[in-house]
Amino acid sequence: MKAAKNSQEKIIYESMRNPYSSQWRASLKSKLMLLLFLFVFATYAIYLLRLVSSSHVSCEEERALASPRKEAFVVDARNDTVVLAKHSIEELRDFQGVGDENSNKLTLEHIVFGIAASSDLWERRKEYIKLWWRPEKRMRGVVWLDNPVKTAGNERRSLPELRISGDTSKFAYKNSKGHRSAIRISRILSETLRIGNTGNVRWFVMGDDDTIFVTENLVRVLNKYDHNQFYYIGSSSESHLQNIHFSYNMAYGGGGFAISFPLAKAIEKMQDRCIQRYPGLYGSDDRMQACMAELGIPLTKELGFHQYDVYGDLFGLLAAHPVTPFVSLHHVEVVDPIFPNKTRVEALRHLQIPMELDSAGLLQQSICYDRARRWSISVSWGFAVQIFRGVLSPRELEMTSRTFLNWYKRADYTAYAFNTRPVARNPCQKPFVFYLSNARMDNNRSETVSEYTRHRVQHPVCTWKMADPSDIQIVKVYKKPDPHLWDRSPRRKCCRMMNSTKKSVVIDVGLCRKGEFSEV
């Protein structure tokens, strides 16, 4: 009896001492299995609800899907009216932000432009803004003027909103060589931000009323950067003396510069106090850079923003454009028209023909050689083709030829901020220039066809015994559009000689094949 009792007590004691007995473990296992089943069921239910929700199509989209060209009402924010517009289903999805796989990709809708303008020059310079402003692409921006101007009713759709800058009389200005309008212009960023309407804004882009933007290339450049970070993006002057006088760390506003949204908010909070500390500065751009310096933000340089602080003919700069997207052009009233025998506006409108076909490839240079005739050929797509007698290396042809004068007219070629070369080192090597006459899309071959006709000017007598380019009347260039050109590492396109005749040259421009290069 005592042994049985001791055995029973030992079992009870062991059970109390070891909670992980077989019975307890069996009970725990059952509970864990139940909890696991409930967790799996709940997870599946949540996933199913989200799947059903994401695949749901709104009533508006169902109507649009039923009719590919369905009418939709769109609110015009500028005058708070409702207008009737026709949208395809793709446009409707884009407008509603539904079904767009690239909804995070930068578009013109994410950019707000701030344009500095003068009422005295407005009647003439508004024509430049009309060339690049695209209200149908839902662009946003404000032209800031010093005084009211008259604008015809039918012009309102082709121009940004017009506003008068705020009073700047409280700010000191002590530069005897400048004008106090610099203070007004420097505050455009802050005034534009204070208007509001900043929903979905990622970038603010500043420019002048004589700045021409290639907006598609602007988007391509800004798309490389994180708009949630502090970025101050632009470029320097072409004049070394200008950069020394102001700063190589300053973006020139005529060429345009971009400021990310969070940096714009930071500037707006401190700019008025900052401006007060620099009454002796000359212009608006150096005041902006001074405030950037206080915030510790350097200039991120993009060579496609062009101030063009030069006089005369831009040909040398445009014909040897750097391997980067062509974003802007400034001082259009200071330099000659970019195409001969046209007004400035006509010339810029003519440049829009290739721009519409392939903005990414606009002004991009390709270099090739006609070995049979011993010619060097440089193609600046959408602008001009040059044919040189003899062999010029790519290293020389990619260098800008000095067809223009320095901003400081007494300065020589050493006063540029980049390498240049003379137009011709030998009279026989003065280039034969062919300007764009027409460009179109060949839909059957899915490629552009651009034609360049010879610009007839006097050429010096040449005694070289080789084929004479003066016999050539037209150059035809075939090139496939490449909207993703700048998604790859920078490289010039290759060009190849095709079937040519005594009076014409035919060239193919495209991606360089494996092992292909511009061999002299």
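## Exercises: strands, core and cavities

In strand S14, Val379 is the bridge partner of Ser366. Before you start: this is a predicted model, where local features need pLDDT of at least 70, side-chain atom pairs count only at pLDDT 80 or more, and totals for chains, interfaces and linings use all residues. Residues are numbered from 1 along each chain as its sequence is written, and side-chain values use heavy atoms, with hydrogens and water left out.

**Exercise 1.** Work out in which sense S13 and S14 pair, and whether the faces of S13 are covered or not.

*Solution.*
1. Strands here are DSSP runs of E with at least two residues, and helices are runs of H or I with at least four, numbered from the N terminus.
2. S13 (residues 365-370) and S14 (residues 375-380) pair in the antiparallel sense over six bridges; pairing takes at least two DSSP bridges.
3. Four residues sit between the strands of this hairpin, and Arg374 takes a positive phi near 55°.
4. In a regular strand, side chains alternate between the two faces of the sheet.
5. For S13, one side carries Gln365, Ile367 and Tyr369, the other Ser366, Cys368 and Asp370, and all are buried (under 20% relative accessible area with a 1.4 Å probe, protein chains only; exposed is over 50%, partly exposed in between).

**Exercise 2.** Find which residues touch the most other members of the largest nonpolar core.

*Solution.*
1. A nonpolar core joins buried Ala, Val, Leu, Ile, Met, Phe, Trp, Tyr and Cys residues through side-chain atoms within 4.5 Å.
2. The largest one has 74 residues, and Phe113, Phe383, Val475 and Ile507 touch the most other members.
3. Strand S19 (residues 432-442) gives the most to this core, with six residues.
4. A second, separate core of 27 residues includes Val112, Val201, Ala251 and Met292.

**Exercise 3.** Say which classes of residue line the second largest cavity.

*Solution.*
1. A cavity is a set of points on a 1 Å grid over the protein atoms alone where a 1.4 Å probe fits but cannot get out; lining residues have an atom within 4 Å of a point.
2. Points join across faces, edges and corners, and volume is the space filled by probe spheres set on them.
3. This cavity holds about 50 Å³.
4. Its lining includes Leu329, Asp336, Pro337 and Arg344, and helix H13 (residues 344-357) gives the largest share, three residues.
5. Count Ala, Val, Leu, Ile, Met, Phe, Trp, Tyr, Cys and Pro as nonpolar, Asp, Glu, Lys and Arg as charged, and the others, Gly among them, as polar.
6. You get seven nonpolar, no polar and two charged residues.

Notes. 1 Å grid on protein atoms, 1.4 Å probe; cavity = no way out; pocket = protein on both sides within 12 Å on 5 of 7 lines; lining within 4 Å.
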